[in-house]
Amino acid sequence: VSDKVTMSPLESDKFINYKRIEDNLKIIRNRLNHPLTLAEKIVYGHLEDAKNQDIVRGTSYLRLHPDRVACQDATAQMALLQFMSAGLPTVAVPTTVHCDHLIEAQYGNDKDLPRAKELNKEVYDFLASCSAKYGIGFWKPGSGIIHQIILENYAFPGGLMIGTDSHTPNAGGLGMVAIGVGGADAVDVMANIPWELKCPKVIGVKLTGKLSGWTSAKDVILKVAGILTVKGGTGAIVEYFGPGVESLSCTGMATICNMGAEIGATTSLFPYNKRMADYLNATKRSNIASLANSFKHNLVPDEGAKYDSVIEVDLNTLEPHINGPFTPDLATPLSKFKDAAKTNNWPEELKVGLIGSCTNSSYEDMTRSASLAKQALDAGLVAKSKFTITPGSEQVRATIERDGITEIFDKIGGVTLANACGPCIGQWDRQDIKKGDKNSIINSYNRNFTGRNDANPATHSFVSSPEIVTAMIFAGSLHFNPITDSLTTPDGKLFKFQPPRGDELPQRGYDPGQNTYQAPPADRSSISVSVDPKSNRLELLKPFKPWDGKDAKEIDILIKVKGKCTTDHISMAGPWLKYRGHLDNISNNMLIGGINVANDKANSIFNPLNGKFEAVPKTARDLKAAGRPWIVVGDENYGEGSSREHAALEVRHLGGFAVVVKSFARIHETNLKKQGMLPLTFDNPKDYDLIDPTDKVSIIGLTTFQPGKPLTLRAHKKDGKTVDIKVNHTFNEGQIAWFKAGSALNLMAAAANK
Ligand code: MIC
Ligand code: SF4
């Protein structure tokens, strides 16, 4: 085996560096002297300084050198604007940008893609020229969803990648440690600054038995989400092992890793195996498969590796699951779903079924779903619900079209959408219901937070496998169980589905479809990137002010949020995605979805400047104009969901000083720190109750701000009394320097100008 193997067929000069893993692990094994999990092997294999790095799972901050960076269009704009401010000529590690989030689903691919290209021209041109200038590979609109393109072209066993999207862990299906981050983290890596990650714990998921029949890989993660909940994976890598792994396809493993984002896991990971080699061969990377075979000892866990905890899932008895509504961890096995729907009064009629997305659009998913559609079609049935198909990539689209799969979906009335995120992220011009109408939809995506798909808070969105979605649309009812129930055909016969069947990989190989990739040009000297100062889509960044050296004294509470507050509540997507490159404009959506504890309403808070209840962004702007900083108080797992750093940037931009919550989701907490904010947690979560939204608060202890040393939040009550509350933080030395400088970027720019 040649030891010079390129990371991707698209990059002739970037090689896989297994030697670094081998060298690092020699040192690490001597130091730690215990059998290693696979997660540890890959993560420690990428340490900057294996000799001297502190390594305590759950505690130390690791300094790492990732192999690659991936960005999607909705987050790349901010990442690249920040990279531009850093003033460097080129990216230090191979990086790609993918145009997938900005394409709205309206009529189907043929009309929607050209429309998106026109509407987003300014942004696409900016991303294309920026990519070309800084040496970044650029995937044009229509190429597909970031995670699918990465799996098809860039992911490799044993690699470490960061991506500015929370579903980056999808690449764990090819044995890569792939982690979602905010744009500012990506900028560090692009600038060759070691990337910091709290040394993850490792949760083991032991799979026994064998997958068969109606159950699919998706059901593994739907079940695990039910067990671990939306915060159960926080701070941990979820590592799958055990005999059950053998019955999963590579793309199925990717589905499981993808949706691991929904349990807050740092990433999810599978050991290298034959199914991965098959996928690498099918995607023209046999050289990587051979290299990985020769390095297998470091691409699987050591015998006796110790996990921080282990859960077990028996694939023999695993049932298909349907999760939701409103949260991805509300897991119901199919056999109990009808009763659950009745008890909870979920709207019975199923309006729309949506398959595909970055989570579930593999060839296997599509062929298995089509096998069900074909059975129904042959029996003369028509779909009762609307049905959409989102291919994850141009390659998947072209291949399923060539192989007659698309034709089957067409015949049942399915609409093939663009190879893009579409309805998964609210890019959906939904016409079949009015805003506010209570209704049910089911999809094979990963996330189902309130209002996510169609901006209608009354839509009950359920997540399942593509097979279950496809079967359900023929009944048009949430009460249908395709395994046990029958449907009546037009000629009065009873019809029952047979279990789905499909092909893991296309027998005739993949059809690449249209070439939608722009490689970085060799000579980049003449490329210039311009941002129109009058644009409402793009705005150059202005540095945030450094800390003034003082404790915060009696400042306002902008909002005390109650209950679930995801990044979709803090910075909504859908119609707002178009402002992702314009901080001031997108700030008009700041926290408009968060529920105010004072009145149980969204986007209605007390404005201390005029005594009225007003919109959140308006009130924040008023306070900012009056020179009054403010804080946000929040509940559990605050900022769960997306990697979008806008959820941190907007708060900073409109004058926020601190966010004090019961607990944070990992990416959001880091994003806040990077932008010079203070993310703090109640030492005793019950102290959340001690705060009234109309209190003023002081934050005491900043003049002696130190790692591991709690701060004090003093609440000043209306009657003059005060309550002191202990609040914790996770800042290390370097991160405290970000806070003092006003942001991580300020610090980087200062270093570059020295
Ligand atoms: C999502 O699935 O929520 C997104 C849209 O892909 C986000 C990224 C974003 O908000 O741009 C994510 O998962 O990180
Ligand atoms: Fe796109 Fe949805 Fe995947 Fe996020 S989860 S990358 S929005 S398809």
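**Figure 1. Polar atoms around ligand 1 in the predicted model.** An oxygen atom of ligand 1 lies 2.5 Å from an N or O atom in the side chain of Ser 166. The side chain of Gln 72 has an N or O atom 2.8 Å from an oxygen atom of ligand 1. For the side chain of Ser 642, the distance between an N or O atom and an oxygen atom of the ligand is 2.8 Å. The protein covers 97% of the 340 Å² of accessible area that ligand 1 has on its own. Around this ligand there are 14 residues, of which Asp 165, Ser 166, Arg 452, Ser 643 and Arg 644 come nearest. Sorted by class, the shell has two nonpolar, seven polar and five charged residues.

**Figure 2. The shell of residues around ligand 2.** Three histidines, His 101, His 147 and His 167, are among the residues around ligand 2. The shell also includes the cysteines Cys 358, Cys 421 and Cys 424. The other residues around the ligand are Ile 145, Asp 165, Ile 425, Asn 446 and Arg 452. By class, five residues of this shell are nonpolar, four are polar and two are charged.

**Figure 3. Phe 497 in the largest nonpolar core.** This core has 176 residues, and those that touch the most other members are Leu 207, Val 224, Tyr 240, Phe 270 and Phe 497. Helix H3, residues 73-86, gives the most to the core, with eight residues. Leaving aside neighbours within four places in sequence, Phe 497 is in contact with Trp 214, Leu 372, Gln 375, Ala 376, Ala 471, Phe 474, Phe 480, Pro 482 and Leu 487. A second, separate core has 25 residues, among them Trp 547, Leu 680, Ile 691 and Phe 731.

**Figure 4. Leu 713 and its contacts in strand E33.** Leu 713 lies in strand E33, which spans residues 711-716. Leu 713 counts as buried because its relative accessibility is 0%, and the cut-off for buried is under 20%. Not counting residues up to four places away in sequence, Leu 713 touches Ile 631, Val 660, Phe 682, Ile 691, Val 697, Ser 698, Ile 699, Val 723, Asp 724, Ile 725 and Val 727. Ile 725 is twelve residues from Leu 713 in sequence, and the two are 5.0 Å apart in space, C-alpha to C-alpha.

**Figure 5. Helix H22 and what covers it.** In H22, residues 733-741, the buried residues are Gln 735, Ile 736, Trp 738, Phe 739 and Ala 741. Their cover includes the strands E3 (61-64), E9 (195-198), E30 (656-661) and E31 (678-682), together with helices H21 (666-674) and H23 (744-752). Asn 732 caps the N-terminal end of H22, with a side-chain oxygen 3.2 Å from the backbone nitrogen of Gly 734. Just after the helix, Gly 742 takes a positive phi of about 100°.

**Figure 6. Helix H21 within the structure.** H21 is largely enclosed by the rest of the structure, because eight of its nine residues are buried. These buried residues are Arg 666, Ile 667, His 668, Glu 669, Asn 671, Leu 672, Lys 673 and Lys 674. Gly 676, just after H21, takes a positive phi of about 85°.

**Figure 7. Ser 362 in a loop.** The loop that holds Ser 362 runs between strand E16 (350-356) and helix H13 (363-378). Ser 362 has 5% relative accessibility and therefore counts as buried. A polar atom of the Ser 362 side chain lies 3.0 Å from the backbone nitrogen of Asp 365.

Methods
Residues are numbered from 1 along each chain as its sequence is written. Chains are lettered from A and ligands numbered from 1 in the order in which they are written. This is a predicted model: local features need pLDDT of at least 70, side-chain atom pairs count only at pLDDT 80 or more; totals for chains, interfaces and linings use all residues. Side-chain values use heavy atoms; hydrogens and water are left out. A nonpolar core is a set of buried Ala, Val, Leu, Ile, Met, Phe, Trp, Tyr and Cys residues joined through side-chain atoms within 4.5 Å. Buried means under 20% relative accessible area, exposed over 50%, partly exposed in between (1.4 Å probe, protein chains only). Helices (H or I, at least four residues) and strands (E, at least two) are DSSP runs, numbered from the N terminus. Contact means heavy atoms within 4.5 Å. A residue is near a molecule or strand if one of its heavy atoms lies within 4 Å of it. Ala, Val, Leu, Ile, Met, Phe, Trp, Tyr, Cys and Pro count as nonpolar, Asp, Glu, Lys and Arg as charged, and the others, Gly among them, as polar. A polar contact is a pair of N or O atoms within 3.5 Å; within protein, one must be able to donate a hydrogen and the other to accept it, and residues adjacent in sequence count only if both atoms are side-chain atoms. Accessible areas come from the Shrake-Rupley method with a 1.4 Å probe; for residues, only the protein chains shown count as cover.
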